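Here is a friendly walk through a protein model for someone meeting it for the first time. Please keep the sequence and the 3D view open as you read.

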Amino acid sequence: MRVFLGITGASGAPYAARLLEALAGNGCEIGLCASRAGIEVLATELYGARLSPDETLERLTGPVREAVTLYDERDWHAPYASGSAKVDAYVICPCSMGTLGTIASGAMSNLIQRAASVALKEERKLVLCPRETPLSTIHLENMLRVRQAGATVLFLAPGFYHGASSVDELVDFIVARCLDQLGLEHSVTPRWGE
């Protein structure tokens, strides 16, 4: 499966890191693009340090490097910028409210937003993973708008009914839901009733 993974500047870097690992573990070919703000959040939340963008992305992708091709957010020649490229699914995790609003408006100023637009116009699987609280009316209307356009809105809000005993297990809960949306088999978390 060929998957585009966009990472934007909302809190939620552990979700992105674990999702990247899970996609690679499922044999996916991953095109990864992180916005400048997304890279800053990755460095802060995953590594607790001010790192260069290159070092941040190297740390993130190092363990799964064979499965990942990195793209700059200004790379309009990337295959994910065109509907003629064969792409099975698109995920933006985490998806900032700024990115979500831009997608909802139909505007595109970087590769992540363009890839989402391509997914919608080509009627391909698009999963947006916002993380913000509280939500304004504008946020809610934008989520409704992208949902009506065909995107799946998978809010980064883990459940507690599976008896998680660590933050990692809460992260895995969301990653498992995302993999389910992509139709990928996994054993990241047990299923209800199992």
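## A guided look at the fold

The protein's secondary structure adds up to 7 helices and 6 strands; here helices (H or I, at least four residues) and strands (E, at least two) are DSSP runs, numbered from the N terminus. Following the sequence from its start, you meet them in the pattern β-α-β-α-α-β-β-α-α-β-α-β-α. Bear in mind that this is a predicted model, in which local features need pLDDT of at least 70 and side-chain atom pairs count only at pLDDT 80 or more, while totals for chains, interfaces and linings use all residues. Residues are numbered from 1 along each chain as its sequence is written, and side-chain values use heavy atoms, with hydrogens and water left out.

Let us begin with the overall form. The C-alpha trace spans about 40 × 35 × 30 Å along its principal axes. A compact globule of 194 residues would have a radius of gyration near 16 Å, and the protein's 16 Å agrees with that; this radius is taken over C-alpha atoms, and the globule rule is 2.2 Å times the number of residues to the power 0.38. Of the 194 residues, 52% count as buried, where buried means under 20% relative accessible area, exposed over 50%, and partly exposed in between (1.4 Å probe, protein chains only). Contacts, meaning heavy atoms within 4.5 Å, also tell you about the fold: among those with a separation of 6 or more, 73% are between residues 24 or more positions apart.

Now find strand β2, residues 29-34. Of its 6 residues, 5 are buried, so the strand is largely enclosed by the rest of the structure. Which strands pair with β2? One is strand β1 (residues 2-7), which runs parallel to β2 and is joined to it by 6 bridges. Another is strand β3 (residues 68-71), also parallel to β2 and joined to it by 4 bridges. Two strands count as paired if DSSP finds at least two bridges between them. To see these pairings residue by residue, look at Phe 4, whose bridge partner in β2 is Gly 31, and at Cys 33, whose partner in β3 is Tyr 71.

How does the chain travel from β1 to β2? Together with helix α1 (residues 13-25), the two strands make a right-handed β-α-β unit. Right-handed means that, with the strands pointing away from the viewer, the path from the first strand over the helix to the second runs clockwise.

Phe 4 is worth a second look for its ring. The whole structure holds 5 aromatic pairs; rings of Phe, Tyr and Trp (its six-membered ring) pair if their centres lie within 6.5 Å, and planes under 30 degrees apart count as stacked, over 60 as edge-to-face and the rest as tilted. One of the pairs is Phe 4 with Tyr 80, a tilted arrangement with 5.1 Å from centre to centre and 45° between the planes. Phe 4 lies in strand β1 and Tyr 80 in the loop between β3 and β4, so the pair ties together parts that are 76 residues apart in sequence. Both rings belong to buried residues: Phe 4 has a relative accessible area of 0%, and Tyr 80 has 1%. Another pair joins Tyr 161 and Phe 173 edge-to-face, at 5.6 Å centre to centre and 85° between the planes. Tyr 161 is exposed at 53% relative accessibility, whereas Phe 173 is buried at 11%. Returning to Phe 4, you can also see that Phe 4, Tyr 71, Tyr 80 and Tyr 90 form one aromatic cluster.

Finally, some details of the backbone. Most residues other than glycine have a negative phi, and most peptide bonds are trans. Where might you look for exceptions? A cis peptide bond joins Cys 93 and Pro 94, with omega about -10°, and Pro 94 is found in strand β4 (residues 89-95). The bond from Thr 133 to Pro 134 is cis too, with omega near -10°; Pro 134 lies in the loop between β5 (125-130) and α6 (137-148). Glu 123, in the loop between α5 and β5, has a positive phi near 55°. Glu 123 is exposed, with a relative accessible area of 74%.
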